[in-house]
Amino acid sequence: MNFSDSEIVASILTGEGFEASNDLLDADIILVNTCSIREHAEDRVRKRLHYFRSLKKKNPGLTIGLLGCMAERTKTALMEEEQLLDLVAGPDSYRHLPGLLAKVDSGQKAIDTILSADETYADINPVRLDTNGVSAFISIMRGCENFCSYCVVPYARGQERSRDPLSVIRESKDIFLQGYREVTLLGQNVNSYHWKDGKEAVNFPLLLERIAVLDRRLRVRFATSHPKDLSPELIRTIAAYPNICRAIHLPVQSGSNLVLDKMNRKYTREEYLEKIKAIRSQIPDCAISTDIITGFCDETEEDHKQTLELMKEVAFDYAFMFKYSERPQTIAADHYNDNVPANVKERRLREIIDLQHELSSASNHRDLGETFEVLIEGTSKRSDKQYFGRNSQNKVLVFPITRQKPGEYVNVKVKRATSATLIGEAI
Ligand code: SAM
Ligand code: SF4
């Protein structure tokens, strides 16, 4: 999401005559797009700012700005604390960046952290940064109103709003014509995408379908799905179109009903498992990945065991795993006690990571001898004689270079597997 936002910022500023630089030391303006989801993310930004301080000492004319969630959350506080920032802009203020930069030029500090109820940047054609020319991200909605009790997103990114479907379809068409072959539709909870224009209402399955029919050579992915809103209609739509990728990211967070309730996730362990069953019965080759938080307030050993059991039962192909990090302003910070000791969180996370390592490895070993259609993304970082690409299940495959070019499809037979990569040969 932040990556996609940076592309919007680049587009707005390019339109005003600014130019993106690949070299930090060459830049007159440094804008840091930030994340507040865990304390660790914010700590990294603070470290980065200290490095920028040394650059500013050498070049006093350098402008430094803070963008995104941390800007929204901390408003003027970080500006005052760091005495380094010239500009602070929240996630809904990017259109004002040219004006804010002009203010900085006139010797003033500039700040805009007003959240909007309808900003979706729908009319802005993002400048693709750091692109492989094959896969692109498209934001289809912004904000979130689910208020999971641990999560800062509703406060940092504001109300949920969906983007005009016509603008999403136009952008998808444009990138296809430019040679891209994969689009990932982004939102905090894409399943609740909803647009109404007069009589016409477009929900997420319909939007997905409209993009899938543009061209069967365009792969469509999406992230993230909230389990409570994963509908039978969405599962049917994925099953119906081979170019909608067989990979669903469905964050479960915990395997314990007590913890899920405290997290305000609005589903139970049993309901989650029912959704998995429905996916597996209609899309048997679908990969399923997840997010897990360990050590949430009051989490017991029994709760932790239930998470491990659920992981085994689903046999996730991949997972992002985190220690709970208390975030200011959230329901959990205000009402619950962050009472799982650091060493216990650490140990539980280790157990979860070790188990997922086994599950990912088993998932990859099940693919031995299988043949997959792979979209070539480029030359492998490890060897210029190898290509890498992904299959529909979002697994990375590495194989000797073929006559096809990046952006083309090739069938690859899997010969070897590690827990992270499949190694094969084009057939
Ligand atoms: N909207 C998505 C959802 O509901 O699944 C995910 C959004 S969040 C950016 C990505 C992940 O960060 C979450 O799924 C959760 O596992 C993790 N996360 C969010 N808040 C956290 C916190 N306070 N401490 C640790 N992990 C957190
Ligand atoms: Fe955060 Fe929950 Fe919204 Fe995801 S659905 S962004 S975890 S509040």
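Helices here are DSSP runs of H or I with at least four residues, strands are runs of E with at least two, and both are numbered from the N terminus. This is a predicted model, so local features need pLDDT of at least 70 and side-chain atom pairs count only at pLDDT 80 or more, while totals for chains, interfaces and linings use all residues. Residues are numbered from 1 along each chain as its sequence is written, chains are lettered from A and ligands numbered from 1 in the order in which they are written, and side-chain values use heavy atoms, with hydrogens and water left out.

**Stop 1: helix α11**

Start by selecting residues 269-282, which make up helix α11. Show the side chains of glutamate 274 and lysine 277: they meet in a salt bridge, at 3.8 Å from N to O. The term stands for a side-chain nitrogen of Lys or Arg within 4 Å of a carboxyl oxygen of Asp or Glu. Why can these two pair up along the helix? They sit three residues apart in α11, so about one helical turn separates them.

Now switch on a surface. Buried means under 20% relative accessible area, exposed means over 50%, and partly exposed is what falls in between (1.4 Å probe, protein chains only). Lysine 277 counts as exposed, at 55%, while glutamate 274 is partly exposed at 49%. Stay in α11 and pick leucine 273, which is buried at 17%. For a long view, draw a distance from the C-alpha of leucine 273 to that of tyrosine 121: the two are 152 residues apart along the chain and separated by 36 Å.

**Stop 2: helix α12**

Next, select residues 301-314, helix α12. Here lysine 312 and glutamate 309 form a salt bridge, with N to O at 3.5 Å. These two residues are also three apart in their helix, so about one helical turn lies between them. Both ends of the bridge are partly exposed: lysine 312 has 46% relative accessibility, and glutamate 309 has 42%.

While you have salt bridges on screen, select Asp5, Asp92, Arg142, Arg157 and Arg161, which are joined into one network by bridges that share partners. How many salt bridges does the rule give? The count comes to 34.

One further bridge to click on is between lysine 228 and aspartate 229, at 2.8 Å from N to O. Lysine 228 is partly exposed at 26%, and aspartate 229 is partly exposed too, at 22%.

**Stop 3: backbone oddities**

Go to the loop between β11 (219-223) and α9 (232-240), where you'll find threonine 224. What is the peptide bond from alanine 223 to threonine 224, cis or trans? It is cis, with omega near 0 degrees.

Then move to the loop between β12 (247-249) and α10 (257-262) and pick glutamine 253. Its phi is positive, about 70 degrees, although glutamine 253 is not a glycine. Is glutamine 253 buried or exposed? Glutamine 253 is buried, with a relative accessible area of 6%.

Follow on to the loop between α10 and α11 for lysine 266. Lysine 266 has a positive phi of about 70 degrees as well, and is not a glycine either. Lysine 266 is partly exposed, at 48%.

**Stop 4: strand β7**

Select residues 161-162, strand β7, and centre on serine 162. Serine 162 is buried, with 11% relative accessible area. Now add histidine 194: its backbone nitrogen lies 3.0 Å from a polar atom of the serine 162 side chain.

**Stop 5: out to the surface**

Bring up Glu39, Asp43, Glu326 and Asp334, which gather on the surface in a patch of negative charge. A patch takes residues with over 30% relative accessible area and no salt bridge, joining like charges within 9 Å and nonpolar side chains (Val, Leu, Ile, Met, Phe, Trp, Tyr) within 5 Å. In this scheme Asp and Glu count as negative and Lys and Arg as positive, with His and the chain ends not counted. One member, aspartate 334, sits in helix α13 (residues 331-335). Aspartate 334 is exposed, at 55%.

**Last stop: arginine 95**

Finish in the loop between β3 (87-89) and α5 (97-105), and click on arginine 95. Arginine 95 is partly exposed, with 34% relative accessibility. Draw one more C-alpha distance, from arginine 95 to leucine 49: they are 46 residues apart along the chain, with 24 Å between them.

Definitions and conventions. Areas by Shrake-Rupley, 256 points an atom, 1.4 Å probe, with all protein chains shown as cover. Charge placed at Lys NZ, Arg CZ, Asp CG, Glu CD. Polar contact = N/O pair within 3.5 Å; in protein donor to acceptor, adjacent residues only side chain to side chain.
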